[in-house]
Amino acid sequence: VNLQKASIVFRKELLDTLRDRRTLISSILLPILLFPVLFLGFGALGFLIVTRLGQEKLAVGIRGAEHAPTLAARLEAHPELAVIATDQDFPDAIRAKRLRAVVEFPPGFEEQLNTRPDASQSVILYYNSSDLRSDEAADDLEEVIARFGAELAEQRVAAQGLPAGIGEPFRITKQNVATAERVGGNILGLLLPYFIIVLCLTGAMYPAMDVTAGEKERGTIETLLASPVRRTDLVLGKFLLVSLIATVTTALAIASFSLTAMLGAGLLTRISDRLVLAISTKAAAAVFFMVLPLAVTFAAGLMAVALLARNYREAQTYLGPLLFVVILPAVASLLPGIELTPKLALVPVLNVALVAKEIFVGHYPWKLIGIIFGSTCLYAALALWAAVRQFHREAVLFRS
Amino acid sequence: VKWQNILTVYRKELLDMVRDRRTLYATLVFPLVLFPVMTTGFAKLSEMSLKKTRRETQRIMLLGEEHAPELAARIRADQQFEVVAPEANFREQINEKKLRAAVEFPPGFAARLEQGAPAPEIRIYLYRTELRSEAAAERLETLAREYQEQVVSSRLARRGFSTALLKPVETRREDVARPEQVAGMRLGRLLPYFIIVLCASGALHPAIDLTAGEKERGTLETLLASAARRIELVFGKFLVVLTLSLVTTLLALASFAFSVLHLQRNGTGASETFTVSAGSAALVFALVLPIAVLLSGVLLALALLAKSYKEAQSYTGYVMLGVLLPAIGSVLPGVEINPVTAWVPILNVTLVAQEIFTGSFPWLSIALVLISSCVYAALGLGLAAWQFNREEVLFRA
């Protein structure tokens, strides 16, 4: 291996890549813009939906309103419900979403309640579980009815001369003891590792295709091979470039997210004041460090596969499916039951996604971090070996 | 316009596409294999992780257990928990997930309950947003509530009342949704989105190959010099793109249906079965057809602008993004079909397809969506025809 020659190849490829607008977009612009756009877009969309949902009145029906005049009047006065007339086939109306929910009072509902101090009555709420608005309407109805019941219970307790606290002998409270960093980190860990890994892969994809299949398509690979540089040095130079781009993409993605989270913190606190979605510099650096060997693996692996193709287009058909194969373990890290174990620490991609989740909550399992870093480095070495071997096979280089 | 010429162009281009074995792999075989593998594999994996979570016992701590022996005994008897000896640093242990939750009983809890005096609160400490911790706290709260109800009913019984005194009104929820509606809610919300994305991805490759690819290979000039008129060429090419788009979609759906059936037969997956009647399927197909026409037309028109395959890919990438956004919008809760959304292309079809899959048929909206998508489809096709008549686009250098 002649490092000087490898570095000449590297510089040449770097210049080539920087001149290619396409690579710049996918490797540099995309990771920078993705998070601010997602953040703003989803924020605005969520706001829109929430306000729109609030405005629209939900159509509900009351059956047997004459049996419960007080309660029916309260329901009619509810600001978010519009009471409309119902007939016998109301279940069909609920299924067709003309009505969101129907409440049915039994005969003598209020009369019975007022006769005995411990009389009870049951009310039926008809709703459609496949309609989100129906759930909402049923919740609204239930809330009004529950409040009516609670008031009645209070009156009964007072009327019978019972102590006021009889219904609640003790209180139960839940208290969050997790630090703000851990709560926010847990939410971040849901999606961020996945985004970082996918961006790292797509960042490496275009340069990897360009320095292999692209070179074949332009007919320059023969010239390059004829130069006084050994195959291994050539691969190394190209590989360093692809790794560099993948690394830069990853770093940009993490930095862009950190900045977005910092600047957007003001916006978020309006939604929930206890939510802190910032990542510390330490966590950002640690995650970057863990993704680094993965970026190298991607770079070498993509190059080995893309070299098989004769042209750009063919390379794309090969790498497209590969994208799925990589995304799948990253998505698996989102499943609720999956936590980092020594066995899972050996599964490529998944292990990095899982350890990133831990790091975002400020938890550093050093032993597992060591295993993951070591095993990912091993995979990177294997992928690099495969790439070098591919470049030594004439059958692959000059396929026609 | 001569149909004969269109047919000739169509047959030639189709033959071209089918002969490219790699295209066939990418557009046909791959989704056929990938879909079943992905769905079954993922269902298995999530089932496994769910089972594992259920089997797990959660480690909790009881602080001041001696103050509330009855309630503590209830918690200890619960199979879900493994109770460990109290330690002062329980907060850190919860943060580090070594402990899922802790319960604190105040001094004199049982004694005050006995006297009927209001007892101070019991506290449940947890790690918010952490799934297992939230689940443990939830269970602890339920156990405490059950105990509380028992205390209340014995207090009332002592005074000669039933518990109904404090609970005058009970509400019972009755779900009127048909089983297929509930299943449709799950799958039907995602299925239209998949169909549209499949349509677009099926049309993408042939649209580029028949325009920019032709330019790249240098065969476009020859083709234009043939006896076929421009409009006939466009129609022929367009029909090929449409055919492949629909074939990809149908094959992927067939393989998807197969894997869903397989999952349902094996008892994994949802308990409700998701079925689509032939009529619904035909109706959805009729709705998707104009979308496929629109996408084929627009992709052809855009790809023709490019000089090379690579350039075409970056242009069409933005179209794919434009397709994905409204389709994703349809999955968001609260977005429904109404006279306004019925005019938003792509979004309208996904929304109406969702309704159809959940078993409701809003005919007025369906008609409106059909009309508006046909208008958009005609516009897309017109765009492609217009592009093919512009020399500066055809011979861009």
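**Exercise 1. The interface**

About how much area do chain A and chain B bury between them, and what percentage of it is on carbon and sulfur atoms?

*Solution.* The model is a predicted one. The size of an interface is often expressed as the accessible area lost when the parts come together. For chain A and chain B, this buried area is about 7800 Å², with 58% of it on carbon and sulfur atoms. In chain A, the residues that lose the most area to chain B are Phe170(A), Lys174(A) and Arg313(A), together 11% of what that side buries. In terms of contacts, 86 residues of chain A meet 83 residues of chain B.

**Exercise 2. The sheet ending in S5(B)**

Determine the strand order of the open sheet that contains S2(A) and S5(B), and identify what packs on it.

*Solution.* Begin with the order: the 5 strands run S2(A)-S1(A)-S3(A)-S4(A)-S5(B), with mixed pairing. The edge strands are S2 (81–83) of chain A and S5 (169–175) of chain B, each of which pairs on one side only. From one strand to the next, the twist averages 30°.

Next, consider a single pair. S1 (residues 58–63) of chain A runs parallel to S2(A), and 3 bridges join them. Within this pairing, Ala59(A) has Ala82(A) in S2(A) as its bridge partner.

Finally, add the helices. Helix H3 (residues 69–77) of chain A lies across S1, S2 and S3 (101–104) of chain A, at about 125° to S2(A). Helix H6 (residues 132–159) of chain A also packs on the sheet, touching S1, S2, S3 and S4 (121–127) of chain A together with S5 of chain B, and its direction makes about 170° with that of S5(B).

**Exercise 3. The sheet ending in S5(A)**

Describe the open sheet that contains S5(A) and S2(B).

*Solution.* The order of its 5 strands is S5(A)-S4(B)-S3(B)-S1(B)-S2(B), and the pairing is mixed. S5 (172–176) of chain A and S2 (81–84) of chain B are the edge strands. The twist averages 25° from one strand to the next. S3 (residues 101–104) and S4 (residues 122–126) of chain B run antiparallel and are joined by 4 bridges; Glu104(B) has Arg123(B) in S4(B) as its bridge partner. Helix H3 (residues 69–77) of chain B lies across S1 (58–63), S2 and S4 of chain B, at about 170° to S1(B).

**Exercise 4. Helix H12(A)**

Test the end-to-end span of H12(A) against the expected value.

*Solution.* At 1.5 Å a residue, the 21 residues of H12(A) (residues 312–332) should span 30 Å. The end C-alpha atoms are 31 Å apart, which agrees. At the N-terminal end, Asn311(A) acts as a cap, with a side-chain oxygen 2.8 Å from the backbone nitrogen of Glu314(A). Buried residues of the helix include Tyr312(A), Glu314(A) and Leu319(A).

Terms used. Residues are numbered from 1 along each chain as its sequence is written. Chains are lettered from A and ligands numbered from 1 in the order in which they are written. This is a predicted model: local features need pLDDT of at least 70, side-chain atom pairs count only at pLDDT 80 or more; totals for chains, interfaces and linings use all residues. Side-chain values use heavy atoms; hydrogens and water are left out. Helices (H or I, at least four residues) and strands (E, at least two) are DSSP runs, numbered from the N terminus. The expected span of a helix is 1.5 Å times one less than its number of residues. Buried means under 20% relative accessible area, exposed over 50%, partly exposed in between (1.4 Å probe, protein chains only). A polar contact is a pair of N or O atoms within 3.5 Å; within protein, one must be able to donate a hydrogen and the other to accept it, and residues adjacent in sequence count only if both atoms are side-chain atoms. Two strands pair if DSSP finds at least two bridges between them. Axes are lines fitted to C-alpha atoms, for helices over the stretch in contact, and angles run from 0 to 180 degrees between N-to-C directions. Contact means heavy atoms within 4.5 Å. Buried area is the accessible area (1.4 Å probe) that two parts lose on being put together, summed over both.
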